[in-house]
Amino acid sequence: MEHTLQVHNSLTRKKEIFKPITEGFIGMYVCGPTVYSDVHLGNCRTFVSFDIIYRYLKVLKYNVRYVRNITDVGHLLDDGEDRMTKGARMANLEPMEVAQKYSNGFHKMMDIFNTERPSIEPRATGHILEQIEMVQQIIDNGYGYEKNGSVYFDTIKFAEETGEYGKLSGRIIDDLLTETRDNLKKQSEKKHPSDFAIWMKAADDHLMKWNSPWSVGFPGWHLECSAMSTKYLGTHFDIHGGGNDLKFPHHENEVAQNIGACSCQPSNYWLHTNMLLMNGRKMSKSDGNTISPEELFTGDSVHVSKGYSPMVVKFFMLQSHYRSTLDLTDDALLAAEKGYKRLMEAHKNLKKITTENTSNSDSVNEEIQKYITAAYADMNDDFNTPRALSQLFALVSIINGFVDGKRDISGLSQETLESLQSTFSIFMDDIFGLKNDLESGDNNGLVEGLMDLIIDIRQKARENKDWGTSDQVRDKMKELNIVLKDGAEGTSWTMK
RNA sequence: GGUCGCGUGGCCGAGUGGCUUAGGCAGUGGUCUGCAAAACCAUCUACGGCGGUUCGAAUCCGCCCGCGACCUCCA
């Protein structure tokens, strides 16, 4: 069952066969959050997407070093103030307190979505020396110039000499030359509007600043990713990821810095996730078209009719491809919740299935194997989670048929059953990281024990055709949001 | 204004030259069941508009309409 992994490379705008630089090893860098406020639901989608990619690469037996940074300096607002500084002053905190507070919140949210921590999570403020060194290299190579203590990257010279600027984002230098935006014009220290700061001289009241050969100041935002990816993954690594909106200028400038410093295109494959929309429009705090992860979980928002569990939200995200925009609506979430329950129920029931394999029919085994193979093929096709899920749902139908006794299980071989069980376990646990959060499970089996007792007593009533008692139990349980289902193999229950 | 992308059935969402029943949810009919729920089986609704290329296009090309992203901080 040999497959070839293909990924869509933003650099070439094509799907390409994935070949690691060093067989068996993968270096992957993903741009992480700026920790100046609570994590945005859109961020969650991006990091969930890359978590799936990370997990799947590991399932393919690659040894992956996954680096995801935390930006805690250098990210400027429109008014020129550093995001971290502004957050600190408004809350009367040290900048590092702000960074720590929102880093903690970010990690907590990533845990709630059951994503794995990266191998290395470097902070920009912890890598000032590396960034200063890189600025010096860029200056030495002739692509940086100093002006009044700040250092800028010379995009025009770089573009003319290397022809590399604009490749990733599809921008061409002629467009840059005709750039006429007013707010770029006023930045008169630059030789050209498309030039960008790699070191900024700090004003006297600036809170976060360091010594450098040029001034007391701080690094430009784009620089940290270049410096930290180089430090932990080398000058040339396999995968660089991030949100679509970072393509320009952040990633374009990152490429320019790496090439400018050491003449090397940093990453072979650039992967970009698409945006999460709500009701067909971009989420935006200013016009109220936004919802926080917490509001989504609790249902405390005008945009949803009820709360949705984190795993339902994650499942909802997996039902679309990471390169497509995804429209978050209440109807879509309701649908996702039902589908997710169905998937989890089958996953649970699958673990209980046993087979005697008394018949010699191969058809059911072949059919199951076909869907299993297809699911992996879909993941190999640029991590197509919606398609892989559709294969799993085909298997859900088969599993439900077995459980209900409506499909003949006698032809199911032990080998196929084990393959089916391990496939579900690999996809649900290892790749998707979906856990059943629709049932309460933190009471050491007390609920399970009580439910077994209640079902047993009700069963006695049913055997005596005491429907009144039987229905009363079921109705009362329903009021407690526990649904009883009478099947061929006895009564089962689920939390509503 | 410039760059890029998208427009699929009631909703979300895959798919790219002919054969994918994509899938999930909702709907309809049936099976099962003391009833119910669930499940299973069957089934309906589709590729924004107009032209072109082709034996054949939802899929390629052109134009139009609509939507979005980026160009300024953004995942």
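Modeller: One definition before we start: two strands pair if DSSP finds at least two bridges between them. Keep in mind, too, that this is a predicted model.

Biologist: Fine, let's use that. Which residue in β8 does W199 stand opposite?

Modeller: Strand β7 covers residues 196–201 and pairs with β8 over three bridges, in the antiparallel sense. In that pairing, M200 stands opposite F218 in β8. W199, for its part, stands opposite a residue of β8, namely P219.

Biologist: And on the other side, what is the bridge partner of Y152 in β7?

Modeller: β6 and β7 also pair in the antiparallel sense, over three bridges. For Y152, the bridge partner in β7 is A197.

Biologist: So what is the order of the strands in that open sheet?

Modeller: It's an open sheet of four strands with antiparallel pairing. β5 (144–147) and β8 (217–219) stand at the edges with a single partner strand each, so one side of each has no neighbour in the sheet. From one strand to the next, the twist averages 20°. Reading across, the order is β5-β6-β7-β8.

Biologist: Which helix packs on this sheet and touches β5, β6, β7 and β8?

Modeller: Take β7 as the reference: the helix's direction makes about 120° with that of this strand. Five of the six residues of β7 are buried, so this strand is largely enclosed by the rest of the structure. The helix you're after spans residues 128–140 and is α4.

Biologist: Now the other open sheet. Which strands stand at its edges?

Modeller: Four strands form this sheet in the order β4-β3-β9-β10, and the pairing is parallel. A strand at the edge has a single partner strand, so one side of it is left without a neighbour in the sheet. That picks out β4 and β10.

Biologist: What is the bridge partner of I26 in β4?

Modeller: Strand β3 takes in residues 25–30, and six bridges join it to β4, with the two running parallel. Across that pairing, I26 has as its bridge partner V64.

Biologist: What angle does the direction of α9 make with that of β9?

Modeller: Helix α9 (residues 247–262) packs on this sheet, where it touches β9 (237–243) and β10. Its direction against that of β9 comes to about 160°.

Biologist: Is D72 buried or exposed?

Modeller: D72 sits in the loop between β4 (63–68) and α2 (83–91). Its side chain has a polar contact of 2.7 Å with that of T125. Under 20% relative accessible area is the cut-off for buried. D72 has 0%, so it counts as buried.

Biologist: Near the start of the chain, which residue in the hairpin of β1 and β2 takes a positive phi?

Modeller: Strands β1 (residues 6–9) and β2 (residues 14–17) run antiparallel and are joined by four bridges. One of the bridge pairs is N9 with K14. There are four residues between the strands, and the one with a positive phi near 60° is R13.

Biologist: Last one: how do α11 and α12 lie to each other, roughly parallel or roughly perpendicular?

Modeller: M311, V312, F315 and F316 of α11 meet residues of α12 that include A332, L333 and Y340. By class, that contact has nine nonpolar, one polar and one charged residues. The axes are 9 Å apart and the helices pack at an angle of about 100°. Since 65 to 115 degrees is the range that counts, α11 and α12 are therefore roughly perpendicular.

Conventions: Residues numbered from 1 in each chain as written. Chains lettered and ligands numbered in written order. Predicted model: local features only at pLDDT ≥ 70, side-chain atom pairs only at ≥ 80, totals over all residues. Heavy atoms only, no water. Buried < 20%, exposed > 50% of the residue type's maximum accessible area, 1.4 Å probe, protein only. Polar contact = N/O pair within 3.5 Å; in protein donor to acceptor, adjacent residues only side chain to side chain. Axes fitted to C-alpha atoms, helices over the stretch in contact; angles between N-to-C directions. Contact = heavy atoms within 4.5 Å. Parallel < 35°, antiparallel > 145°, perpendicular 65-115°, else oblique. Nonpolar A, V, L, I, M, F, W, Y, C, P; charged D, E, K, R; others polar.
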